[in-house]
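Visitor: Please pick one part of this structure and go through it closely. I would like to know where it sits, what surrounds it and how the criteria are defined.

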Amino acid sequence: RIPVAAWPHFPPAGENLRAVSMQASGVRIALVTAATRVELHVVCTRFQVQDFLGARNAFVAEIDGKPHAHVESPVNGILHVPLSADAQRTEEFSPSAVVVFDDLPEGEKTVTVWLPQGMIVDLLDVRVNRPIEAPEPSTRPVWVHHGSSISHGVETPLPTGTWPVVAARTADLDVINLGFGGQCMLDPFVADAIAATPAEVVSLKVGVNIVGARSMDQRTFAPALHGFLDRVRRGH
């Protein structure tokens, strides 16, 4: 969820940031179809920091905005990162998996599949038993939110249960969730990503990761926050 072009600007010990920004919080696929069966061919990687094994969430299918079914995410591998965050290795269990949603109602409909927010998901293929089309672009105002694990929401079993998704639906907004567990540090490249994203609403929930990691102090926090805000404002 951070543009790949920004990855060279990650800190030297940046594997935690790389992993959480690759997790799929708020990411969904929408298609218009009369299909009664949708298959996603995926590679799902779980995240483990030292001895802490991250969440295993579910895929959620909605029909015309209403919940239809959810399927627990497969685990094709585990990405191991030490506390130092200066290295990573992937323990692979299987090359890929298939997530199936069947018994979909007959007739044309919009099928939206939300990806598991605590997993790294590589989408290899989408297979259906009827033709598909892209839906019309959303007309809802776009809301870009940046925050910490509280916004990332990996503890919630379903990706539709994170508070940014719930709040967006309550306010009729189209959310882009840039919540990065443990990694909300006022990074300039995140500000640039927000600045480059068309949006009607931008919100930030900053501070808790900075305090927890003691990564800034009273001298550095206020200028860094204002600099972040200035970059966002220039883009919008």
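Guide: What follows is a close look at helix 4 and the parts around it.

The model is predicted, so local features need pLDDT of at least 70 and side-chain atom pairs count only at pLDDT 80 or more, while totals for chains, interfaces and linings use all residues. Residues are numbered from 1 along each chain as its sequence is written, and side-chain values use heavy atoms, with hydrogens and water left out.

Helix 4 covers residues 188-195. Helices (H or I, at least four residues) and strands (E, at least two) are DSSP runs, numbered from the N terminus. Of the 8 residues in helix 4, 6 are buried, so the helix is largely enclosed by the rest of the structure. Buried here means under 20% relative accessible area, exposed means over 50%, and partly exposed lies in between (1.4 Å probe, protein chains only). The buried residues of helix 4 are Phe-189, Val-190, Ala-191, Ala-193, Ile-194 and Ala-195.

What covers them? Among the covering elements are helix 1 (15-22), strand 12 (142-147), strand 13 (174-179), strand 14 and helix 6 (218-235). Contact means heavy atoms within 4.5 Å.

Consider helix 6 next. Two packed helices are described by the angle between their axes and the distance between the axes. The axes of helix 4 and helix 6 come within 8 Å and cross at roughly 25°. That angle makes helix 4 roughly parallel to helix 6. Axes are lines fitted to C-alpha atoms, for helices over the stretch in contact, with angles running from 0 to 180 degrees between N-to-C directions. Angles under 35 degrees count as roughly parallel, over 145 as roughly antiparallel, 65 to 115 as roughly perpendicular, and the rest as oblique. The crossing of helix 4 and helix 6 is right-handed, a term used if the near helix is turned clockwise from the far one by less than a right angle, and left-handed if anticlockwise.

On the helix 4 side of this contact are Pro-188, Val-190, Ala-191, Asp-192, Ile-194 and Ala-195, which meet Phe-228, Arg-231, Val-232 and Gly-235 of helix 6. The residues of this contact divide into 7 nonpolar, 1 polar and 2 charged. Ala, Val, Leu, Ile, Met, Phe, Trp, Tyr, Cys and Pro count as nonpolar, Asp, Glu, Lys and Arg as charged, and the others, Gly among them, as polar.

Strand 14 (residues 201-204) contains Leu-204. Not counting residues up to four places away in sequence, Leu-204 touches His-145, His-146, Ile-194, Phe-228 and Leu-229. Ile-194 is one of the buried residues of helix 4, and Phe-228 is in helix 6. Leu-204 itself is partly exposed, with a relative accessible area of 27%. Its C-alpha atom is 5.9 Å from that of His-145, although the two residues are 59 apart in sequence.

Helix 1 also takes part in covering helix 4, and helix 1 is itself mostly covered, with 6 of its 8 residues buried. These are Glu-15, Asn-16, Leu-17, Ala-19, Val-20 and Ser-21. They pack against strand 2 (38-49), strand 6 (77-81), strand 10 (120-128), helix 2 and helix 4.

The segment before helix 1 reaches helix 4 as well, through an aromatic pair of Phe-10 with Phe-189, 179 residues apart. Rings of Phe, Tyr and Trp (its six-membered ring) pair if their centres lie within 6.5 Å; planes under 30 degrees apart count as stacked, over 60 as edge-to-face and the rest as tilted. By this rule the count comes to 3 aromatic pairs. One of them, Trp-7 with Phe-10, is tilted, at 6.1 Å centre to centre and 35° between the planes. The centres of the Phe-10 and Phe-189 rings are 5.2 Å apart and their planes are at 35°, so this pair is tilted. Trp-7, Phe-10 and Phe-189 form one aromatic cluster. Within the cluster, Phe-10 is buried at 8% relative accessibility, Phe-189 is buried at 8%, and Trp-7 is partly exposed at 23%.

Finally, Leu-186 lies in the loop between strand 13 and helix 4. Most residues other than glycine have a negative phi, and most peptide bonds are trans. Phi of Leu-186 is near 60°, a positive value in a residue other than glycine. Leu-186 counts as buried, at 6% relative accessibility.
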